[in-house]
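Let's take a walk through a protein structure together. Have a look at the picture first, and then we'll go from the whole chain down to single residues.

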Amino acid sequence: MHELSVVASLVETIEALAGEHKAKSVTGVWIKVGPLSGVVPELLESAFEMYRKGTIVESARLSIEKTPLRAVCRACRVETERTDYAPDCPACGSTDLEIAGGTDLILERIELETDEPVSPAQ
Amino acid sequence: MKKQLYVLRDILGTNQKVAAEIKAACEERGILVLNLMSSPGAGKTTLLEKLAERLAGRHRMAVIEGDIETERDAERIRAKGVPAWQITTGGACHLEARMIARVLPEVSPDIDFLFIENVGNLVCPAGYDLGERLRIVLLSSPEGDDKPKKYPKAFLTAQVLVITKSDLFPHLPFDVERAKSEALELNPGLQVFVISALTGEGLDDLTAFLVASREALRAGHA
């Protein structure tokens, strides 16, 4: 349960990017979260609600995409994708799984509101 | 005017950057950094006390302790003659690289081992790299042999598993082979040690492994 510190880190990154691009606010935030990221998307949303006030993301919409966990069964070699972590192979029931991916905790994209229209260099 | 910005950046990237700096600074000096994580009460501090006794005279170590509150763990380590710093997180469930970076300037550069004892928690600490070369996860026999798959991230990201309190095996329905195989199915590369701080079982093997790991680090940076 450390979603609040993840959000603090997220907002810190976004504030730096917004500063670099001279944005007056951030209107959208898209992130990707895997089942082995160590955070729960629903709790991340709550933490974002708690934290946003007074920050650059105060009025931003947060979109969370849940990325799948990929696992290869070492017994039957079947590869599966699932959005929740489970310790057994859905094909043969073996618990001997090789886990590949699923630890994503990624800021994919933000939408910025800038003051002036972006014009070509004069 | 709205503008889309593709970022594709790890949300904990700042932590990873600081962790990489800690790792580079310590390894350049030949310091092996270890991050110990487990549930509360699995025996992290007791293991460090035992390692302090075994390394004394031959190797120098320092310890950074992470807890929600109190100096108790650091005091226990200092009582063994080992320098220790206590980080009290005041509620935070894990240590972050920046907390370590703040303490690091006070730690002598002439040490061989820097042990970081994380906050007792098998979930959150696993998400934060502290600059360690070896991540050690401890599992004590009273916790049960089914924990690795219930808390996969800690076991997936560790290099070493230490099963503690082996002296209690006769009294518990704990199947050490099941605990090992659960952990190894998740992470086949894990080095597994079974220890008892009370009887001393396994402590010499673990100490020898740590000393060899530190020698390998020094050889790599010679």
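What follows starts with chain B as a whole, moves on to where it meets its partner, and ends with two residues.

One thing to keep in mind from the start: this is a predicted model. In chain B you can pick out 8 helices and 8 strands. Try tracing them along the chain before reading on.

How does the radius of gyration of chain B fit with a compact globule? A compact globule of 222 residues would have a radius of gyration near 17 Å, and chain B comes in at 18 Å, so the two agree. If you drew a box around the C-alpha atoms along the principal axes, the box would be roughly 70 × 40 × 35 Å.

Now think about what is inside and what is outside. Of the 222 residues in chain B, 55% count as buried. The surface that chain B exposes comes to about 9,400 Å², with carbon and sulfur atoms supplying 51% of that area. Then there are the contacts within the chain: taking those with a separation of 6 or more, 70% are between residues 24 or more positions apart. As for charges, chain B has 28 positive and 31 negative ones, and their mean positions lie 5 Å apart.

Chain B isn't on its own, though. Here 26 of its residues are in contact with 36 residues of chain A. Between them, the two chains bury about 3,000 Å², and carbon and sulfur atoms give 56% of this. On the chain B side, Met1(B), Lys3(B) and Ile11(B) lose the most area to chain A, together making up 25% of what that side buries.

Let's zoom in on Glu113(A), which sits in strand β6 (residues 105–114) of chain A. Is Glu113(A) buried or exposed? Its relative accessible area is 17%, and because buried means under 20%, Glu113(A) counts as buried. Leaving aside neighbours within four places in sequence, Glu113(A) is in contact with residues that include Ala23(A) and Lys24(A), as well as Met1(B) and Lys2(B) from chain B.

Our last stop is Thr45(B), in helix α2 (residues 44–55) of chain B. Thr45(B) is buried too, at 6% relative accessibility. Which residues does Thr45(B) touch, not counting those up to four places away in sequence? They are Glu65(B), Asp73(B), Arg76(B), Ile77(B) and Glu117(B). Finally, find Leu130(B): it is 85 residues from Thr45(B) in sequence, and their C-alpha atoms are 18 Å apart in space.

Key
Residues are numbered from 1 along each chain as its sequence is written. Chains are lettered from A and ligands numbered from 1 in the order in which they are written. This is a predicted model: local features need pLDDT of at least 70, side-chain atom pairs count only at pLDDT 80 or more; totals for chains, interfaces and linings use all residues. Side-chain values use heavy atoms; hydrogens and water are left out. Helices (H or I, at least four residues) and strands (E, at least two) are DSSP runs, numbered from the N terminus. The radius of gyration is taken over C-alpha atoms; the globule rule is 2.2 Å times the number of residues to the power 0.38. Buried means under 20% relative accessible area, exposed over 50%, partly exposed in between (1.4 Å probe, protein chains only). Contact means heavy atoms within 4.5 Å. Accessible areas come from the Shrake-Rupley method with a 1.4 Å probe; for residues, only the protein chains shown count as cover. Lys and Arg count as positive and Asp and Glu as negative; His and the chain ends are not counted. The place of a charge is taken as NZ of Lys, CZ of Arg, CG of Asp or CD of Glu. Buried area is the accessible area (1.4 Å probe) that two parts lose on being put together, summed over both.
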